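Welcome, and please open your viewer. We will go from stop to stop, selecting a few residues each time and looking at what is there.

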Amino acid sequence: MKKREEIQTLADIAEFNPKLDPKYSPNLFRWMKHHLTRGAKFSVYRSTDPDQKGRLWIGFKTGCGVVAVPLPRAMTTRKEALAWSYPGMVRIDGWFSSYKKGGRCFIDPDHTQLFADERWATKGKRRTCLWCGLKQNLREWEEVITVQRTDWVTAPHRKLEETIALGRAKWEMAPSTKKRNMKK
Ligand SMILES: [Zn+2]
């Protein structure tokens with residue numbers, strides 16, 4: 001492969017066979033093999049469309065524009081079909097050279113993506129990237145979480161008893177009358 005930014009033949013693709021080195025994506029390898037057409041030169045492009053947020057595509061240039069698929073999709077399924085891409089595609093020179101060197105760790109240098117095949121050799125609280133040798137330590141910490149809850153509570157109810165002042169009247173015998181009656 002003379003020009004690292006282009007994949008033109010099966011021999012070019014063979015350099016990225018995951019059997020040579022597991023750092024290469026098996027899906028991307030199969031995708032390139034599946035879509036290699038005579039005369040087509042695969043390259044990786046970056047979209048300059050602001051909506052695309054710098055998304056990477058893999059495909060080739062035609063007289064009318066770039067026919068491609070988003071790179072992450074080519075790395076997920078080999079059957080992802082080529083389609084007309086967005087306008088404003090800029091070829092990334094040397095992308096395949098970097099991929100040749102770093103494999104999937106070049107695509108995901110932060111080591112945060114999940115891949116279907118095993119990437120880590122883990123020993124206790126330490127793990128090593130099988131593809132590039134990067135080492136990571138497991139950090140453990142505790143978090144205190146405040147949970148906001150709501151519930152209906154009965155209010156202390158108002159006393160139903162009330163002191164009622166009533167004006168009352170009653171007939172009673174007068175004391176003088178009492179005496180008189182007793183003498184009899
Ligand atoms: Zn790595």
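The tour below begins with some ground rules and then visits two sheets, a core, a helix and a loop.

**Before you start**

This is a predicted model, in which local features need pLDDT of at least 70, side-chain atom pairs count only at pLDDT 80 or more, and totals for chains, interfaces and linings use all residues. Residues are numbered from 1 along each chain, as its sequence is written. Helices (H or I, at least four residues) and strands (E, at least two) are DSSP runs, numbered from the N terminus.

**Stop 1: the five-stranded sheet**

Turn on the cartoon view and look for an open sheet of 5 strands, in the order 4-3-2-1-5, with antiparallel pairing. Two strands count as paired if DSSP finds at least two bridges between them. At the edges are strand 4 (83-84) and strand 5 (89-91), each pairing on one side only. In general, strands of a sheet pair through backbone hydrogen bonds, either parallel or antiparallel.

Now select strand 1 (43-47). How many of the residues of strand 1 are buried? A residue is buried if 20 or more other C-beta atoms lie within 10 Å of its own, exposed if 12 or fewer, and partly exposed in between, with C-beta atoms placed from the backbone. In strand 1, 4 of the 5 residues are buried, so this strand is largely enclosed by the rest of the structure.

Strand 1 pairs with strand 2 over 4 bridges, and 3 bridges join strand 1 to strand 5. Select Y45 and find R91, its bridge partner in strand 5. Next select I58: V44 stands opposite this residue of strand 2, and V69 is the bridge partner of I58 in strand 3. Strands 2 and 3 are antiparallel and share 6 bridges.

**Stop 2: the nonpolar core**

A nonpolar core is a set of buried Ala, Val, Leu, Ile, Met, Phe, Trp, Tyr and Cys residues joined through C-beta atoms within 7 Å. The largest one here has 21 residues; select Y45, W57, I58, A68, L71 and A74, which have the most contacts inside it. Among the elements that each supply at least two residues of this core are helix 2 (26-35), strand 1 and helix 4 (95-102).

Zoom in on A74. Leaving aside neighbours within four places in sequence, A74 is in contact (C-beta atoms, placed from the backbone, within 7 Å) with L28, W31, I58, V69 and E80.

**Stop 3: helix 4**

Which residues of helix 4 are buried? Select W95, F96 and Y99 to see them. They cover an arc of only 90° around the axis (taken from the directions from the helix axis to the C-beta atoms), which puts them on the same side of helix 4. These buried residues pack against strand 1 and helix 5 (104-107). Just after helix 4 comes G103, with a positive phi near 55°.

**Stop 4: a lysine in a loop**

Select K23, in the loop between helix 1 (10-14) and helix 2. Is K23 buried or exposed? K23 is buried, because 20 other C-beta atoms lie within 10 Å. Not counting residues up to four places away in sequence, K23 touches G103, R104, C105, W131 and C132. K23 and L130 are 107 residues apart in sequence, but 7.7 Å apart in space, C-alpha to C-alpha.

**Stop 5: the three-stranded sheet**

Finally, find the open sheet of 3 strands, with order 6-7-8 and antiparallel pairing. Its edge strands are strand 6 (120-123) and strand 8 (135-137). Strand 7 (residues 126-129) shares 3 bridges with strand 8. To end the tour, select T128 and look for K135, its bridge partner in strand 8.

Terms used. Two residues are in contact if their C-beta atoms, placed from the backbone, lie within 7 Å.
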